[in-house]
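Student: I have a protein model open and want to learn how to read it. Where do I start?
Tutor: Let us look at the model together and take one feature at a time.

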Amino acid sequence: LRRSASELLRGELSGGAGGAPGVVAALVPLQGFAAYLRTARPWERGEAVAPAQAEALRLAAQGAQGLGSGEGEVAFSDAEGDPVRFRLREEHSGGHALEVAFGGGQPRRVLKLVVAEGGQA
């Protein structure tokens with residue numbers, strides 16, 4: 001089943017039989033993987049992984065606690081050109097809250113996040 005699904009995806013991603021081969025990736029839960037990463041700390045062994053992969057592994061293992069000052073923020077412009085900024089704010093309890101600011105306004109806490117089909121609200 002996995003082989004046939006991979007071949008089907010590879011064919012669709014490459015644009016058919018005449019296209020270049022595609023890359024297929026899947027996200028699956030790996031029991032104990034995060035605990036292994038926290039113990040092994042592969043991001044500290046520079047020769048083991050590429051720098052970008054090392055950073056991704058560090059953040060995956062440490063979560064929000066792995067973010068440094070000024071990290072944990074995503075900014076972009078919406079379809080109308082207005083700036084939108086999401087960020088993680090540390091709370092007094094030691095946890096983090098997701099906030100959003102539109103058009104340079106004051107950040108507001110995100111209470112519910114919904115992703116609509118096709119990115120359309």
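Tutor: Start with the order of elements. Along the sequence, the pattern is α-α-α-β-β-β-β. That comes to three helices and four strands. Keep in mind that this is a predicted model.

Student: How do the four strands sit in the sheet, and in what order?
Tutor: For a sheet, ask about order and direction. Here the sheet is open, its order is 1-2-3-4, and the pairing is antiparallel. Strand 1 and strand 4 (108–109) are the edge strands, since each pairs on one side only.

Student: How many bridges join strand 1 to strand 2?
Tutor: Take the pairs in turn. Strand 1 (residues 73–77) and strand 2 (residues 83–90) run antiparallel and are joined by five bridges. Strand 2 and strand 3 (residues 96–102) are antiparallel too, with seven bridges. Strand 3 and strand 4 pair in the antiparallel sense over two bridges.

Student: What links strand 1 to strand 2 in the chain?
Tutor: Look at the turn. Strand 1 and strand 2 form a hairpin with five residues between them. In that turn, G81 has a positive phi of about 90 degrees. Strand 2 and strand 3 also make a hairpin, again with five residues between them. There the turn holds G94, with a positive phi of about 95 degrees. Strand 3 and strand 4 form a hairpin with five residues in between, and G103 in its turn has a positive phi of about 55 degrees.

Student: Why look at the sign of phi?
Tutor: Most residues other than glycine have a negative phi. A positive value in such a residue is therefore worth a look.

Student: What is the phi of R41?
Tutor: Phi of R41 is near 50 degrees, a positive value, and R41 is not a glycine. R41 lies in the loop between helix 2 (33–40) and helix 3 (51–62).

Student: Is R41 buried or exposed?
Tutor: Neither word fits. R41 has a relative accessible area of 30%, so it counts as partly exposed.

Student: Now the strands, residue by residue. Which residue in strand 2 is the bridge partner of E73?
Tutor: Bridge partners show how strands line up. The partner of E73 is R87. On the strand 3 side, R87 stands opposite E99. E99 in turn stands opposite R109 in strand 4. Follow these names and you cross the sheet. Other pairs between strand 2 and strand 3 include L88 opposite L98 and R85 opposite A101.

Student: Why is E99 called buried?
Tutor: Compare its area with the cut-off. Buried means under 20% relative accessible area. E99 has 7%, so it is buried.

Student: What does the side chain of E99 make a polar contact with?
Tutor: With the side chain of R87, at 2.7 Å. So two features meet here: R87 is the residue opposite E99, and their side chains are in polar contact.

Student: Which residues does E99 touch beyond its sequence neighbours?
Tutor: Set aside those within four places in sequence. E99 is then in contact with R85, F86, R87, R89, P107, R108, R109 and V110.

Student: R85 is on that list. Where is R85, and how exposed is it?
Tutor: R85 is in strand 2. Its relative accessible area is 26%, so R85 is partly exposed.

Student: How far apart are R85 and E73 in sequence and in space?
Tutor: Always check both distances. They are twelve residues apart in sequence, and 7.1 Å apart in space from C-alpha to C-alpha. R85 also touches E73, when residues up to four places away in sequence are not counted. Others it touches include V74, A75, V100 and P107.

Student: What percentage of the residues count as buried?
Tutor: Now step back to the whole protein. Of its 121 residues, 13% count as buried. The accessible surface comes to about 9700 Å², and 56% of that belongs to carbon and sulfur atoms.

Student: And how much of the contact total joins residues 24 or more positions apart?
Tutor: Among contacts with a separation of 6 or more, such pairs account for 5%.

Note on methods:
Residues are numbered from 1 along each chain as its sequence is written. This is a predicted model: local features need pLDDT of at least 70, side-chain atom pairs count only at pLDDT 80 or more; totals for chains, interfaces and linings use all residues. Side-chain values use heavy atoms; hydrogens and water are left out. Two strands pair if DSSP finds at least two bridges between them. Buried means under 20% relative accessible area, exposed over 50%, partly exposed in between (1.4 Å probe, protein chains only). Contact means heavy atoms within 4.5 Å. Accessible areas come from the Shrake-Rupley method with a 1.4 Å probe; for residues, only the protein chains shown count as cover. A polar contact is a pair of N or O atoms within 3.5 Å; within protein, one must be able to donate a hydrogen and the other to accept it, and residues adjacent in sequence count only if both atoms are side-chain atoms.
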